[in-house]
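Me: Please take a close look at the salt bridges of this model, and then at the surroundings in which they are set. I would like one connected account.

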Amino acid sequence: MNVATGAIQEVSLLRNNKGPITVHRKALLGSLAEELPSESIRFSSKPISIEAQAQEGPYTINLEDGTVITTKVLIGCDGVHSFVAQKLGLAEPTYSGRMAVLGLAVFPEGHEVHEDVLQLLDVGKRGGVVPLNDKEIYWFITFNAPKGEAIPEHPQEIQKQVIENYAKDFPPVYREVVRHCDLSTLTMTPLRLRLPWDIIFGNISKGNMTVVGDAMHPMTPDLGQGGCCALEDAIVLGRHIGKSFIDNRKLVPTAVARAIEGYVKERRWRAALLIAASFMSGRAQAGGEGGWFMKMFRDSIFYRFLF
């Protein structure tokens with residue numbers, strides 16, 4: 001829905017007669033975690049130093065809580081501000097020029113949002129709601145903001161800013177969803193990305209150390225591909241290291257290093273292209289700073305032929 005004009009465009013999300021399935025993030029993470037040994041995940045464990053005992057490992061990792069871990073292969077899955085990525089020498093992610101607020105709204109008596117996905121477009125802003133079930137709705141809003149804009153300290157202040165400022169022109173149904181937000185789920189964050197050429201030319205691996213997911217390719221959320229891309233990383237990396245293990249019947253450091261190089265070669269260009277496409281998609285859908293041309297491109301070309 002175009003907030004300024006009231007125009008509504010319906011887009012089918014069916015692919016091969018199958019539509020999207022909305023899943024609670026907590027449920028997805030829980031399902032993945034259940035497949036691993038109970039002590040294999042260590043939460044809230046920030047690394048403060050990484051020392052390589054040889055060019056291809058093993059590696060000694062010192063954590064903030066004093067724990068010391070030694071490993072033959074080090075795979076950094078530590079998010080946008082990855083310590084492992086810094087150790088590899090990858091450039092820090094850059095600010096995209098936009099902020100995002102998201103949360104989970106809870107309606108104990110049930111809600112009346114019947115669309116699978118409802119997206120709202122305004123100049124320099126984009127919001128949306130996605131029902132998870134008959135009582136919970138995921139919602140978000142992104143908007144242009146100067147670098148360094150202060151983030152309110154308390155979630156109640158963020159909620160108020162969304163209702164009274166960022167989404168003040170959005171339909172009442174959207175603001176009602178925001179009012180029902182579980183404040184413990186409310187997040188406001190600057191949207192960052194690693195520049196595509198840093199992925200293409202940067203050091204994504206060194207010996208038996210590499211990165212996956214946001215640690216490798218942080219991107220704006222406009223294509224919804226960040227998490228999908230991380231799952232692809234895991235499959236490709238697992239396939240390369242698994243083949244090395246099968247061929248050698250054990251983890252041979254030099255062979256694992258070659259396997260990781262194969263993973264990097266396979267993933268580098270796809271990650272760089274997704275980052276660029278997601279950023280351009282966000283600019284096109286916001287349709288703000290580009291003036292009439294960007295709005296025309298968004299409404300007449302992007303949503304009709306590309307989305």
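Reply:
**Salt bridges and their setting**

E176 is partly exposed, with a relative accessible area of 34% (buried means under 20%, exposed over 50%, and partly exposed in between, with a 1.4 Å probe and protein chains only). The model is predicted: local features need pLDDT of at least 70 and side-chain atom pairs count only at pLDDT 80 or more, whereas totals for chains, interfaces and linings use all residues. Residues are numbered from 1 along each chain as its sequence is written, and side-chain values use heavy atoms, leaving out hydrogens and water.

The partner of E176 is R179, and their side chains meet in a salt bridge at 3.4 Å, N to O (a side-chain nitrogen of Lys or Arg within 4 Å of a carboxyl oxygen of Asp or Glu). Both residues belong to helix α4 (residues 172-179) and stand 3 residues apart, about one turn of the helix. Here helices (H or I, at least four residues) and strands (E, at least two) are DSSP runs numbered from the N terminus. R179, at 45% relative accessibility, is also partly exposed.

In total, the structure holds 8 salt bridges. Another pairs D247 with K243, at 2.9 Å, N to O; these residues are 4 apart in helix α6, about one helical turn. D247 is exposed at 51%, and K243 is exposed at 53%.

A salt bridge between helices is formed by R270 and E232, with their closest N and O atoms 2.7 Å apart. R270 lies in helix α7 and E232 in helix α6, so the pair ties together parts that are 38 residues apart in sequence. R270 is partly exposed at 35%, as is E232 at 24%. Together with D233 and R267, this pair is linked in a network of salt bridges.

The same helices, α6 and α7, also give two or more residues each to the largest nonpolar core, alongside β2, α2 (83-88), α5 (196-201) and β11 (209-211). This core has 33 residues (buried Ala, Val, Leu, Ile, Met, Phe, Trp, Tyr and Cys residues joined through side-chain atoms within 4.5 Å). The largest share, 9 residues, comes from α7. Among the members touching the most others are M209, I260 and Y263. Leaving aside neighbours within four places in sequence, M209 is in contact (heavy atoms within 4.5 Å) with residues including I50, Y59, L74, I204 and I260.

Helix α7 also holds S278, which is buried at 1% relative accessibility. Not counting residues up to four places away in sequence, S278 touches T220, P221, D222 and L223.

Between α6 (226-248) and α7 (253-286) runs a loop that contains R249. The phi of R249 is near 60°, a positive value in a residue other than glycine. R249 is exposed, at 76% relative accessible area.

A further feature lies at the surface: I21, V23, L28, L29, L32 and L231 form a nonpolar patch with about 610 Å² of accessible area together. Patches consist of residues with over 30% relative accessible area and no salt bridge, joining nonpolar side chains (Val, Leu, Ile, Met, Phe, Trp, Tyr) within 5 Å and like charges within 9 Å; areas come from the Shrake-Rupley method with a 1.4 Å probe, and for residues only the protein chains shown count as cover. Helix α1 (residues 25-34) gives the most to this patch, with 3 residues.
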